[in-house]
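Please load the model in your viewer and keep the selection tool ready. We will walk through it stop by stop, with a note on what to pick at each one.

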Amino acid sequence: MDPRDSAPDSWEQEEDAEAPAAAAAAELPASFAALNVNAKPFVPNVNAAVFVPTAFQAGAADTPAADGGWPGALDVTPVENGGTEADMTTEEETWEQKEEPGGGEHGGGGQEDLEEEEEVPVHKVAPPPPDAPKKEHVNVVFIGHVDAGKSTIGGQIMYLTGMVEKRTLEKYEREAKEKNRETWYLSWALDTNQEERDKGKTVEVGRAYFETEKKHFTILDAPGHKSFVPNMIGGASQADLAVLVISARKGEFETGFEKGGQTREHAMLAKTAGVKHLIVLVNKMDDPTVHWSLERYEECKEKLVPFLKKVGFNPKKDIHFMPCSGLTGSNLKDPVPECPWYTGLPFISHLDSLPNFTRSNDGPVRLPIVDKYKDMGTVILGKLESGCISKAQQLVMMPNRHTVEVLSLLSDDVETDDACPGENLKLRLKGIEEEEILPGFILCSPDNLCHSGRTFDAQIVIIEHKSIICPGYNAVLHIHTCIEEVQISALICLVDKKSGEKSKTRPRFVKQDQVCIARLRAAGVICLETFKDFPQMGRFTLRDEGKTIAIGKVLKLVPEKD
């Protein structure tokens, strides 16, 4: 038997030889969030203040007006827009209920395939004048059940912000009419390949960008179909902010929300990927079965809030609901006369009014790679999680330890000399061939390399699994942009969900709704960090047979023995 698989009988035993601080850190509660208490003084890219939309006179119809603000930065009562006082006072505590002291960190990197550039009907953004202040860069992922209207809303936003010409949309409309698909034409701005257009289903994560007065947004249009959940995880792990699109049409909301519908799974995966803030767009409000009805809007809201709370979102400050119609563009840019009961800002203005994310520029460079291709050299794509990258900088590609040089940098197709955390980048590299790179590799600072290995201890929450899980169980691990097969080589202890206490005896198996600490071994060498040091690269999802069975966090990296 491999000595690495013989995990200790008690998780504390291994910690005895370590410093008292590390031993204290091992006393982990069931909550992900509380783990960050013993974090090192510097935690890359995670000290963003939790934000609450500030710029509305009154929220949704049932919301009393309150002073805007974001807890953590100011001691201000948060705007309530997702639930009632009763929602927050229930005894039931989720495994990620407590706020992290570090605030809202945002998870990194995805594995989507890129569309061919010439097909994307988007204007190139003119580079700003050298003296212009740099706009904040925010990545927004659109998630939700298939046919909820994600791509249509994305296409409509691009048209309303001038990123797609009217002439291009008219051409799409003509082509869609010829195929008896009149209502699909807006989604074609993001669904660029023929298969997606013919079937009306997004497969790859569509990518586009638009600008408002204060911010620069990258749209990540995730697929809604359950067959393409791995692509959706990739999109969510690159996002700072998630927009959950639900359909208000009679029957469609229920299909998406019931067990097996993607509304539930997508909300949970977004939370696991590190997205802290959720805007819920109740789409298709103009449908004949809805007619901008407040009753239907409230019904959808009442069903969603308890579930989102259970997943770990705080209804008071993490969620904001708004009605809209993607097909007509109602309440995306301008308020809707048919909807007098909604007094908040339209969607684009709401995005623009959100407080800035605080990002740390002085950490070590971490850029998980989403995709790579050849174009006059080796080009890689990914979201910069931490640190700054500039032209001619020397970096190291992990885990194969190639030293590379940055020849050029593009942020959303605009060439730039340096980039800060949160930006989606294309880098042309010197010193490495395209064949030597795989999605899931990490670009790092030479003086602070990312950890790599095959064996690690992790805290896992079993979300959905019909039978028991024993040592020897295999599943697919999704961690940042990396996808790898792993085996649970040993179960170390059970963790009590409420108290965080660990069992003294080693469990023989775990089942649904239990939390455990286990030793996992990957089929190949992967790059990862502990959740305590680097939350964006220490969270993961386990999937099996097309379902998300568990979510977890890396507690400890087990060194490889020769």
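A residue is called buried when its relative accessible area is under 20%, exposed when it is over 50%, and partly exposed in between, using a 1.4 Å probe and protein chains only. Helices (H or I, at least four residues) and strands (E, at least two) are DSSP runs, numbered from the N terminus. This is a predicted model, in which local features need pLDDT of at least 70 and side-chain atom pairs count only at pLDDT 80 or more, while totals for chains, interfaces and linings use all residues. Residues are numbered from 1 along each chain as its sequence is written, and side-chain values use heavy atoms, leaving out hydrogens and water.

**The whole chain**

Start with everything shown as a cartoon. You should find 10 helices and 21 strands. Of the 562 residues in the protein, 59% are buried. The accessible surface, from the Shrake-Rupley method with a 1.4 Å probe and, for residues, only the protein chains shown counting as cover, comes to about 22,600 Å². Carbon and sulfur atoms account for 52% of that surface.

**Stop 1: helix α8**

Select residues 262-272, which form helix α8. Here 10 of the 11 residues are buried, including Gln-262, Glu-265, His-266 and Lys-271. Now step just past the end of α8 to Gly-274, which takes a positive phi of about 100°.

Go back to Lys-271 and show its side chain along with Phe-313. A charge sits over a ring if NZ of Lys or CZ of Arg is within 6 Å of the ring centre and within 35 degrees of the ring normal. Lys-271 lies over the face of Phe-313, 4.9 Å from the ring centre.

**Stop 2: the rings of helix α7**

Next, pick Phe-253 and Phe-257. Both belong to helix α7 (residues 252-257) and lie 4 residues apart, about one turn of the helix. Both are buried. Rings of Phe, Tyr and Trp (its six-membered ring) pair if their centres lie within 6.5 Å; planes under 30 degrees apart count as stacked, over 60 as edge-to-face and the rest as tilted. By this rule there are 6 aromatic pairs. The centres of the Phe-253 and Phe-257 rings are 5.6 Å apart and their planes are at 10°, so this pair is stacked.

Add Phe-307 to the selection: together with Phe-253 and Phe-257 it forms one aromatic cluster. Then show Arg-264, whose charged end sits over the ring of Phe-257, 4.5 Å from its centre.

**Stop 3: the nonpolar cores**

A nonpolar core is a set of buried Ala, Val, Leu, Ile, Met, Phe, Trp, Tyr and Cys residues joined through side-chain atoms within 4.5 Å. Which residues have the most contacts inside the largest core? Select Leu-308 and Phe-347 to see them; that core has 70 residues. Its largest share, 7 residues, comes from helix α9 (residues 294-311). Apart from it lies another core, of 25 residues, among them Ile-462, Ile-488, Val-510 and Leu-542.

Zoom in on Leu-308. Contact means heavy atoms within 4.5 Å. Leaving aside neighbours within four places in sequence, Leu-308 is in contact with residues including Leu-244, Ala-267, Val-280 and Phe-313.

**Stop 4: strand β3**

Move to residues 215-221, strand β3. All 7 of the 7 residues are buried, so the strand is largely enclosed by the rest of the structure. In a regular strand the side chains alternate between the two faces of the sheet. On one side of β3 you will find Lys-215, Phe-217, Ile-219 and Asp-221, and on the other His-216, Thr-218 and Leu-220.

Two strands pair if DSSP finds at least two bridges between them. Strand β1 (residues 136-143) runs parallel to β3, joined by 7 bridges. Within this pairing, His-137 stands opposite His-216. His-216 has a relative accessible area of 9%, and among the residues it touches beyond four places in sequence are Tyr-209, Phe-210 and Asp-412.

**Stop 5: strand β7 and its partners**

Finish with residues 366-374, strand β7, where 7 of the 9 residues are buried. It pairs with strand β15 (residues 442-444) in the antiparallel sense over 3 bridges, and Leu-367 stands opposite Leu-443 there. β7 also pairs with strand β8 (residues 378-383), again antiparallel, over 5 bridges; look for Asp-371 opposite Leu-381. The hairpin of β7 and β8 has 3 residues between the strands, and Met-376 takes a positive phi near 50°.
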